[in-house]
Amino acid sequence: MLKISIWTKQDEEISTTMLNHPIVRNIRRRPLLVVAPLSLIVILYLFIFSHREPSKKTQKYSYKSKNKSWFNKNKDSVILRNLPKNHLSHYDLNQLTVSKTPLENKEEILVLTPMSKFLPEYWDNLNKLSYDHSLISLGFILPRNEDGNKALKSLEKAVKQTQSDPTTKFKKITILRQDTNSLESQAEKDRHALAVQKERRSLMALARNSLVFTTISPSTSWILWLDADVIETPPDIIQDLAAHDKPILSANVYQRFFNEETKKPDIRPYDFNNWVESEEGLKLAKTLGEDEIIVEGYAEMATYRTLMAHLYNAKADQNTEMALDGVGGGAVLVKADVHRDGAMFPSFPFYHLIETEGFAKMAKRLGYEVFGLPNYLVYHYNE
Amino acid sequence: MNFKLDGINRIRLLVACGIIFTITLLKILFTPSGLYSPSFDDESVKFFDLDNYKGRADGWQYEERVLFCVPLRDASAHLPMFFGHMKNLTYPHNLIDLAFLVSDSSDNTLGNLKKHLNEIQNDPNLAMRFGEIEIFEKDFGQIIGQSFSDRHGFAAQGPRRKLMARARNWLWTVAIKPYHSHVYWRDADVETVPPTILEDLMHHDKDVIVPNVWRPLPDWLGNQQPYDLNSWQESDGGLQLAEALEEDACIVEGYVEYQTWRPHLAYLRDPYGDPEIEMELDGIGGVSILTKAKVFRTGSHFPAFSFEKHAETEAFGKLSKRMGYNVYGLPHYVIWHIYEPSSDDLKHMEWMALEEIRQKEEAKIKAVYDKVWDKAFEGVQNDWSKERNDFMKNTDLTNFRKIYVDWSGAESENLVENNEEDKHLADFDPA
């Protein structure tokens, strides 16, 4: 006990002498003088070495969600709903049939329509199709503009009505808004000016491709391209065209009008894109630059091609076939295999052809034959 | 400062707040584009604005979905390796939709594929599981055998390419959905690939982009080699050649028959080069392609016909460019394809194995021979040097003529013989 007390006494003595040391006294008086530089050193140390030391989990990329703000939300249908077990589905495409008798073989058909204007007559005609609606899927693509908005609103209403009725309900309907810009004016006059033809049809080709490739499913056997302004077709059009068993088959597009001369309702040819290539057409193609196109129905470009539109004969057999080199998009039945093999609507001059005419050429390059029915009429809307 | 509000100021503040609020509300209602979006309760009707699926450079942060396409044919042997890579992918698995095409297979590729998929989809870790998985079966009929030399012979290339193009098209046309933002093509037989491959390619923000593809080689073939010669930039030589060929001809790269003098992505690799460096391409290979989904959606595909004198992936590059999309390759970013020996390689490997056995046999015999030598022959040199003087006792050695025997000729004759044998071995002709 005594010893300890001595030690403490000594300790006390040392500490008091230390406290009386001038440096220590200085620190006691102004502690910031030491603390500030010390803390600065510590901070600097941390700052420099925290960067040098690799963190344990180095990720090359950030995976933090950057999803758009709440008011800019994606309003599309919910993706991936009702997935099968393990999210796994299996399709044997070897079993898929494409036959002359599609209805008996329960073959599914996809009706595709690029739509910039909604015509009630078009929708009525679609609803009247005699093919089993539970085997028909529909696909629409609308332009990214005010026309598209208007058409979309009407389409939405019509679709809701049709789908709520089990007797008319279609298997599946996909509606797309096009991502590429579209030309603003769709007035009849502008639409057919040669100068804008190329751009218009190039955009149309992109729309058609976006539509077909996102909607074609493993169970699709046939695809019917039906323009939004084709308002009258025979109700059996699917069965009628499929019965010919052709890879690509186009109907003849006509238009009803009131003939002022005879004072009677009459019909006249409308779609001139169904044609047979001519010597002159090929010669003309040779003179053109790589990026130029040939389009039908313009006096500036006389091709002397045989146009199916002019070959209609009211008295002849409806089922007469003719081989074609170019097709229009009015009403064309295509075996889905043709598109699956890669045949698409070129948005660029492909052998100086574009869109549906380019499509026919590409299908031919893939080894498919293209046909038309000159005496099988469908009718275009009269503006 | 005094923040006390009198009556007028309070009203002013309220009005200001109201104006700001209504402006924001209007903005919310009428931005971004004033585009109408319908809403359907019915499950049978779907609406998609394709503008939402254009594909960004950092797509994984925006929950953008990738369609992962894998064409398979007799690929059972490669599946364990392939799924090893799949499990390691860092791109969020739930954003990856898998599409497989199984065609003309006789090795139960389908069964094995399902086994692997079920295993991964039942992983207790939910982050391992993938999005939608679709397996398609379609046989196209095989024109050519599936061995390396069958597939890579020059004559087989045209028809083979067109058939493969059809198969690829059948896969993506049925698999792609409106909501896919990116499409990734990958062969199953890739041996080494970074787990960040999707992000690595995607962050370049290109419409079509491919890495460099090499393959490891056995030492006797030089260790490593460029594999994919289908990624190239067009050259004047190539264009001239294309012009000279008939409509249905199909140029294939990497064959002496068609000299195009094109710069190949594969040969431009510098092992120490910056992996971020990009190079514009015209034709591309199909081992690993990342594209924005819009490229396929708007109609680009793998031409199964001769497009600008090319087919399949090479023509896909050309077609995409024709449609205005950009096509790039990364010369210093490499993934490794497996090494499959060609039939010449196989013959040489067989010869190497036989040669090894032969040399072992020879060494064994030599060891026995060396051992037996001492026993079979008795050395008499020492005896002779002792007995020599006895034998020569009566001979006058002063006049002894020294005789030199020149053995060099005999020896070199021997050597020549040996050399020829060696040469024959080295010059082994596998044919």
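1. Chain B, overall. Buried residues account for 48% of the 431 residues in chain B. This is a predicted model, so read every value below as computed from it. Chain B holds twelve helices and eleven strands. Look next at how its parts meet. Take the contacts in chain B with a separation of 6 or more: 79% of them are between residues 24 or more positions apart.

2. The interface in outline. How many residues does each chain bring to the contact? Chain B gives 79 residues and chain A gives 75 residues. The area buried between the two chains is about 7,100 Å². Carbon and sulfur atoms supply 54% of that area. Three residues deserve a look on the chain B side. Y36(B), Q61(B) and R322(B) provide 10% of the area that chain B buries against chain A, more than any other three residues. As background, the size of an interface is often stated as the accessible area lost when the parts come together.

3. Charges and polar pairs across the interface. The rule finds ten salt bridges between chain B and chain A. One of them joins D49(B) to R144(A). Their closest N and O atoms are 2.8 Å apart. Polar contacts also cross the interface, with 49 residue pairs found (both at pLDDT 80 or more).

4. Which elements of chain B face chain A? Seek those that give two or more residues to the side that touches chain A. The helices are α3 (109–121), α5 (157–175), α6 (197–202), α8 (293–297) and α9 (312–322) of chain B. The strands are β1 (45–49) and β4 (133–137) of chain B. Which element gives the most? It is α5(B), with six residues. By class, this side of chain B has 32 nonpolar, 20 polar and 27 charged residues.

5. A strand pair between the chains. Strand β4 (residues 172–177) of chain A pairs with β1(B). Is the pairing parallel or antiparallel? The sense is parallel, and the pairing runs over five bridges. To find the place on screen, start at I173(A), which stands opposite V45(B) in β1(B). A general point helps when you look at any strand: in a regular one, side chains alternate between the two faces of the sheet.

6. D179(A), just past that strand. D179(A) sits in the loop between β4 and α6 (188–191) of chain A. Is D179(A) buried or exposed? Its relative accessible area is 4%, so D179(A) counts as buried. What does D179(A) touch, leaving aside neighbours within four places in sequence? In chain A, the contact is R144(A). In chain B, the contacts are L50(B), D51(B), K54(B), K294(B) and R297(B). The side chains of D179(A) and R297(B) make a polar contact of 3.2 Å. Note that R144(A) appears again here; it is also the salt-bridge partner of D49(B).

7. K321(B), in a helix. K321(B) belongs to helix α9 of chain B. With a relative accessible area of 25%, K321(B) is partly exposed. Apart from residues up to four places away in sequence, K321(B) touches E280(B), L281(B), D282(B) and V327(B). The side chains of K321(B) and E280(B) make a polar contact of 3.0 Å. G283(B) is another reference point: it is 38 residues from K321(B) along the chain, and their C-alpha atoms are separated by 9.4 Å.

8. A hairpin in chain A. Strands β7(A) and β8(A) pair in the antiparallel sense over six bridges. N259(A) stands opposite K264(A) in β8(A). The two strands form a hairpin with four residues between them. K263(A) lies in the loop between β7 (248–259) and β8 (264–269) of chain A. Its phi is near 55 degrees, a positive value in a residue other than glycine. At 55% relative accessible area, K263(A) is exposed.

9. A second positive phi, in chain B. D104(B) is not a glycine, but its phi is positive, at about 45 degrees. Where is D104(B)? D104(B) is in the loop between β3 (96–102) and α3 of chain B. With 14% relative accessibility, D104(B) counts as buried, whereas K263(A) is exposed. Check both loops in the structure above.

How values were computed
Residues are numbered from 1 along each chain as its sequence is written. Chains are lettered from A and ligands numbered from 1 in the order in which they are written. This is a predicted model: local features need pLDDT of at least 70, side-chain atom pairs count only at pLDDT 80 or more; totals for chains, interfaces and linings use all residues. Side-chain values use heavy atoms; hydrogens and water are left out. Contact means heavy atoms within 4.5 Å. Buried area is the accessible area (1.4 Å probe) that two parts lose on being put together, summed over both. A salt bridge is a side-chain nitrogen of Lys or Arg within 4 Å of a carboxyl oxygen of Asp or Glu. A polar contact is a pair of N or O atoms within 3.5 Å; within protein, one must be able to donate a hydrogen and the other to accept it, and residues adjacent in sequence count only if both atoms are side-chain atoms. Ala, Val, Leu, Ile, Met, Phe, Trp, Tyr, Cys and Pro count as nonpolar, Asp, Glu, Lys and Arg as charged, and the others, Gly among them, as polar. Two strands pair if DSSP finds at least two bridges between them. Buried means under 20% relative accessible area, exposed over 50%, partly exposed in between (1.4 Å probe, protein chains only).
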